[in-house]
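Hi everyone, thanks for making time this morning. I'd like to walk you through one structure, starting from a strand and working outwards.

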Amino acid sequence: MADNGETAREPTRAIVIVPVLPTRFNDGGKGDDHGRMKHQPEFQRSDDARLEEAEGLARAIDLEIVHSDIVQVSKPRPATLLGTGKVETIHEIIEASHAELVIVDHSLTPVQQRNLEKAWNAKVLDRTGLILEIFGRRAQTKEGALQVELAHLTYQKGRLVRSWTHLERQRGGGGFLGGPGETQIEADRRALQEKILRIKRELETVVRTRTLHRSQRKKVPHPVVALVGYTNAGKSTLFNRLTGAGVVAEDMLFATLDPTLRRIRLEHGETIILSDTVGFISNLPTHLVAAFRATLEEVVEADLILHIRDISDPDTAAQSEDVHAIMTSLGIERGDAKRILEVWNKVDKLDEAGRESAQRLSAAVKGNEHPIPVSAITGEGVETLLKEIENRIAGKLEHVKITLRPDQMRLMDWVYQHSSNVKRKDLDDGSVSLTMDMTIASHASLDEKLLRRNNS
């Protein structure tokens, strides 16, 4: 009993169902409206992993899972997706467990969702609806809230047939003819469309502001490094490790929704802007990809993209496929090795054999684009990662030797900030001889500064 005398609200009791369809019907992110595959991913997520993820999504909105099951579907039914026998079995489980909600980890048509709700006498949420619910809770900024609302309204617009009980009623006609008038569903759909247009206008204002901020950052041309990855891969934990920022980093799906940007200084003086973004997930609703496109522009326009992978997850290869599919939809080519750097996170969770295997696989990648194994928790490999980021952004280190005249001594502080292993020798004429390691970009910048001082 709460202090104010009110009974504490009990969590909603839910059942989680993961339908497993034959490959030809599986909507692995690129299926059509009927669930037929247009593209077959190279790696498939295991059924147990799908169930674990679906349960994680349900817990993300504080549902009490009273039963979960993997359901084999030989052929999807247009009316209910599942077969008649399985629908009846689940109905019995719902009644026995007093469940109020059924999560179906698959896309449902409005008709399928309505029919299952009637058959089970319980609320039904498909994968898209569940993810929308989570995003609705996670959005912290005005932009995030607007994007989620837009996605939710777009999703709901096609499901008015399920959402209203008075759809057959008609309003009285108008004008001279009288006529049957506008049906309630048409009026509701029109009202939704008007709200969608209003939110789009508000979002346009927010996007203009974001674009203005981005253009202002370009005037001070710091490279942008964006972190992307499957949800719960440890992006925010790594972001905190690299920047010292207090970004929410929990062992929870979609713990981070709104993008966060921080400025950090690398070892040899290069300043970059690090951007943490929303985690990706398999079968990410197209409504959300479209709604969050403005936010994801930070990724599209980034100078370097860190693809964070949970290398301890048995399904890391399938998760990587999902991330690359979404990046491809944003126009980022998978083969762009110069722009995408893989980071294998959570090596601390691997046993000795797994760690050696990860190191061996990383080293086996041809060229200089091999992944960087790290642990955002312990800090292992982070120094190597930062050096690789600097290498990608500012170029490799060069051994540089210069002599500064007495009138050029103002550059001394800049040199120390943008180099390492500095060795100084004071000369009789008051000049200073310096040898040091410096990135290609810093060396070019130093030459430019020396040239300007020589010409002034």
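**A walk through the sheet**

Let's begin with strand β8, which is mostly covered: seven of its seven residues are buried. Please keep in mind throughout that this is a predicted model.

In a regular strand the side chains alternate between the two faces of the sheet. With that picture in your head, look at the two sides of β8. On one side you have L304, L306, I308 and D310, on the other I305, H307 and R309, and all of these are buried, so both faces of the strand are covered. Notice that D310, H307 and R309 are in that buried set along with the leucines and isoleucines.

Now, who are the neighbours? On one hand there is strand β5, residues 224-229, which runs parallel to β8 and is joined to it by five bridges. If you want landmarks for this pairing, find L227, which sits opposite L306 of β8, and V228, which sits opposite H307.

On the other hand there is β9. Strand β8, residues 304-310, runs parallel to β9 too, and six bridges join the two. L306 turns up again here, since its bridge partner in β9 is L341. That makes L306 a handy place to put your finger: L227 of β5 stands opposite this leucine, and L341 of β9 is its bridge partner.

How does the chain get from β8 to β9? It goes by way of helix α11, residues 316-329, and the three elements form a right-handed β-α-β unit. Helix α11 lies across β5, β8 and β9, and its direction makes an angle of about 150 degrees with β8.

Let's stay with β9 for a moment. How many of its residues, 340-345, are buried? Six of the six, so this strand is mostly covered as well. I340, E342 and W344 point one way, while L341, V343 and N345 point the other way, and every one of them is buried.

Next along is β10, a short strand at residues 372-373, which pairs with β9 in the parallel sense over two bridges. The contact point to look for is V343, whose bridge partner in β10 is I372.

Let's step back and see the whole sheet. It is an open sheet of six strands, in the order β6-β7-β5-β8-β9-β10, with mixed pairing. The edge places go to β6, residues 260-265, and β10; each has a single partner strand, so one side of each is left without a neighbour in the sheet. As a reminder for the chemists, strands of a sheet pair through backbone hydrogen bonds, either parallel or antiparallel.

One more helix belongs in this view. Helix α8, residues 235-243, lies across β5, β6, β7, β8 and β9, and it runs at about 155 degrees to β7.

Away from the sheet, I picked two loop residues for you. D105 is in the loop between β3 and α3. Is this aspartate buried or exposed? Its relative accessibility is 5%, so it counts as buried. Beyond its close sequence neighbours, within four places, D105 is in contact with I17, V18, P19, R50, A54 and R127.

The other one is S46, in the loop between β1 and α1. This serine is partly exposed, with a relative accessible area of 32%. S46 and P314 are 268 residues apart in sequence, yet their C-alpha atoms are 8.9 Å apart in space.

Now the chain overall. It has 15 helices and 13 strands, and 48% of its 456 residues count as buried. Taking contacts between residues at least 6 apart in sequence, 69% join residues at least 24 apart. The exposed area is about 23500 Å², with carbon and sulfur atoms supplying 49% of it.

Finally, a word on confidence. The mean pLDDT of the chain is 79, and 78% of the residues reach 70 or more. Two stretches need care: pLDDT stays under 50 over residues 28-39 and also over residues 161-181. The model does have contacts beyond four places in sequence there, 22 for the former stretch and 33 for the latter. Still, where pLDDT is low, the predicted coordinates should not be read in detail.

Thanks for listening, and I'm happy to take questions.

Note on methods. Residues are numbered from 1 along each chain as its sequence is written. This is a predicted model: local features need pLDDT of at least 70, side-chain atom pairs count only at pLDDT 80 or more; totals for chains, interfaces and linings use all residues. Side-chain values use heavy atoms; hydrogens and water are left out. Buried means under 20% relative accessible area, exposed over 50%, partly exposed in between (1.4 Å probe, protein chains only). Helices (H or I, at least four residues) and strands (E, at least two) are DSSP runs, numbered from the N terminus. Two strands pair if DSSP finds at least two bridges between them. A crossover is right-handed if, with the strands pointing away from the viewer, the path from the first strand over the helix to the second runs clockwise. Contact means heavy atoms within 4.5 Å. Accessible areas come from the Shrake-Rupley method with a 1.4 Å probe; for residues, only the protein chains shown count as cover. Axes are lines fitted to C-alpha atoms, for helices over the stretch in contact, and angles run from 0 to 180 degrees between N-to-C directions. pLDDT is the predictor's confidence in each residue, from 0 to 100.
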